Amino acid sequence: MQLTLWTYEGPPHVGAMRVATALEDVHYVLHAPQGDTYADLLFTMIERLPKRPPVTYTTFQARDLGGDTAELFKNAAREAHERFKPAAMMVGASCTAELIQDDPGGLAAALDLPIPVVALELPSYQKKENWGAAETFYQMVRGLAGPHAPAPGTPRPPRVAGAQPSCNILGPTALGFRHRDDVREIRGLLESIGVEVRVVAPQGATAADLARLGEADFNVVLYPETAGSTANWLQRNFGQQYTRTIPIGAIATREFIAEVADLAGIDPERAQAAGRSRAPWYSRSVDSTYLTGKRVFVFGDGTHAVAAARVAAEEFGFTVVGIGTYSREFAREVRAAADKYGVEPLITDDYLEVEARVAELQPELVLGTQMERHIAKRLGVPCAVISAPVHVQDFPARYAPQMGFEGANVLFDTWVHPLMMGLEEHLLGMFREDFEFHDGAAASHLGHGSSRPQPPEAISPIAMGEAAAAAAGLATSAPAGEPVAGELVWAADAQKELGKIPFFVRGKARRNTEAYASQHGVALITVETLYEAKAHYGR
Amino acid sequence: MNAVIDFRPRDAGCADAPVLRERGQREVFCGLTGIIWLHRKIQDAFFLVVGSRTCAHLIQSAAGVMIFAEPRFATAIIDDRDLAGLADANDELDRVVGRLLERRPDIKLLFLVGSCPSEVIKLDLHRAAQRLDGVFRGRTRVLNYSGSGIETTFTQGEDACLAALVPELPAAASAAAPDLLLVGTVADIVEDQFLRTFRAMGIERVAAFPPRRSTELPAVGPNTRILLTQPFLGDTVRALEARGAKHLAAPFPLGEEGTTLWMHAAADAFNVPKARFEQVVAPLQERARSGIARYREALAGKRIFFFPDSQLELPLARFLSRELGMQLLEVGTPYLHRQLLGKELELLPAGTALSEGQDVERQLDRCESAGPDIVVCGLGLANPLESRGITTKWSIELVFSPIHGFDQAADLAELFARPLNRRDRLVALER
């Protein structure tokens, strides 16, 4: 049993729903108790889809458990087929139905429907949403494209001379973080370098499209979380290579183009001329000097976290002080990235642990999910969202991809936006006593998204261990002269001097000073200690 | 004249009206959803769902609007180790509760909330609660109820929670003077208005249940009279009646008429002189009427269709039909409690199409062919209907907004007028 306040991922059948909803003419019959229909609102409200997800629920109740829930399932499947006339059907169970063991796959087979029916086994008590989406996509592709696979061991015939190279784009689903815009961006990029995009799946694909996935020369995998297992299977069965580079950031987009050019057999130099981002120049512009070495904490799904950390380090000149993921399936990739930045990886789906880590690290920017946005807001740290789980704000009306050349521009804008601008930061530092520069005043360019530290009282013990709170310098409510951390005591003048430091670096200053004092056996922290610590640690 | 003699009183409304009972896909929340308002109402209570990742995801998604507030609820997620018997579920639960209470020493009342999976694997949360109650005695009370979807629909979760809390109420002396207990969660401001109004009538001994703090549980006894603020509290009423309390039958305090009749039921039971009642209520009625009048033009004659959701559908339909002149196409409710809603049924216009339970696909067909001006439905259906040009009102807002009482009657009308107003404003905008 795991104590959970907020969860990063839903159950695996929600992953299956993301695939079903992405597909065009497929219906999902889900054996599930009354109440599980809540999942519809994820799609209709968060993503604002104008149609209901193509899902029929059996919504059994206690009185049905004594009777025949299997019959209930069969009726639901039969009626769903009659009403929606799908080209293919997925059947499965949610967590509760898994316990009553009605075998939706067997029941559906007994109905002998005139369409392909794919039975999903999604162990709800072990696995989560992304795994469920990947497994569902894989089972659908195996079920529909499988019959078209060549005999095992048949080498893939070379492309006909002069034929245009082609690919499929794999991975985008309903409720995906910016999938809608990433697909448009990458599709445009591929087409501009002369690669034909045959099928995008699951988003927008029909059952017939899945059946002909093997026709393209190779696959472009945008989201390994949902498409990794499918791409592997297609490689094994159809000899299709697939891309490994995730085109997030200007550098990775260049690498992605090189990889595609190689797979497609096209001139890499011409391909690279297809476009460019504005972001690299913006980053080199002197105005961006203030970004140098900003301490950033990165958390998200494996792919987005690793990509964001790289962009942060190599394109923004930030210092990655922490990286983590909630997807255990991608722990290896995240550990490797953590190694690269010399930091401790955080592999957890426990929101409290993430909060404690952020509090402990005191980053100047958090790149995370909506959960980290919440954490950052409470701790008064700027934050930009880089990954699912999604929120209604992650489906902007405007075009805002994360991938490709335009994606790199979007990253530049959205990551810089929450930060204090260069000169403004200096002015705040220099004229702390200006009455309009009080801590509650947001930077002038910040709108509703501005972050202000909340009063320490607002941070409750459940959200944060006391140790973490102290480490975060949130014990500032303790009056000067009283013990704060262990034996350390802040003299009143030192406390006052600390108050002159802008709030967005004050936590770090407090932490450094206390660490310095402990190391040097200083019991009473004075103004001098503060500056000695400053000299010791540098900025 | 017709030869058939109709024995029903002429103005019995829908008291004996036929009800379309449907059993198909029910597009409704489970009772866990009630935690979203209950955890805010009882400020020192914590709700620990013992369930699956689905349960955690449901509450998080349904509470999406509140996700950035500090929650006083959590889920103990059952995993395959618990199911395989590798871990003793009770030991695990003790560990989780211990960790929780260590982090939240301010919690005085902990509910272990049963879910579909915990019910199906027959995890005995009642015994677990008793055991933990013994462990934390003197510090935190531990109770349990089920909010599972197999047993409860949406607002029934509150019913189950309050019914579980009833045995904790102190006993009122049998010789105690009669007291009035208002039962059901309403907004704090509404509760205060009600308490003020009843006191103004001379009913001094009046309290609300659930209380805002678990340490302020009202006493109950044979001289307690219960007045329900919400229609979905059948089990709670039964539990209170078992403690000797008497239920005062009344319509619900939605709209001017409903609030008047509701207060009148209490005034009658407490022998409030007619003049005193009139004196207290008349200005409130007048204020409510003039507030409602502002929306009458927008709503009169408009055709409304209710999908089942909170069990508030009948009182809402009665208000919209009688005070705003709306036409009721179909009034769907997840569960029709005839006894508690008897007074409401009498007030509904004769011939109103009532439905109980749901087959969502058929109901959508009926809705479409009825051609409503506005549809009251859950969040899963609202945008799909809007995209087809059908104006909707999210039903969940009716549970989360102060809509009860005289001074909220106009706000309630406005909630229905707003989507129509919006439709008119956006008339030139492409679909």
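Angles under 35 degrees count as roughly parallel, over 145 as roughly antiparallel, 65 to 115 as roughly perpendicular, and the rest as oblique. This is a predicted model, where local features need pLDDT of at least 70, side-chain atom pairs count only at pLDDT 80 or more, and totals for chains, interfaces and linings use all residues. Residues are numbered from 1 along each chain as its sequence is written, while chains are lettered from A and ligands numbered from 1 in the order in which they are written.

**Exercise 1.** Classify the packing of H1(A) and H7(A).

*Solution.*
- Locate the helices (DSSP runs of H or I, at least four residues, numbered from the N terminus). H1 spans residues 12-22 of chain A, and H7 spans residues 129-145.
- Take the angle, about 50 degrees, with the axes 6 Å apart. Axes are lines fitted to C-alpha atoms over the stretch in contact, and angles run from 0 to 180 degrees between N-to-C directions.
- H1(A) and H7(A) are therefore oblique to each other.
- List who touches (C-beta atoms, placed from the backbone, within 7 Å). H1(A) gives residues including A:Pro12 and A:Val19, and H7(A) gives residues including A:Trp131 and A:Met140.

**Exercise 2.** Describe the side of chain A that touches chain B.

*Solution.*
- Count residues: the contact takes 49 from chain A and 49 from chain B.
- Find the main contributor: H2(A) gives the largest share, five residues.
- Look at E1(A), a strand (a DSSP run of E, at least two residues). Three bridges join E1(A) to E3 (residues 73-77) of chain B, and the two run antiparallel.
- Name one bridge: A:Gln2 partners B:Ile77.

Definitions and conventions. Contact = placed C-beta atoms within 7 Å. Pairing = 2+ DSSP bridges.
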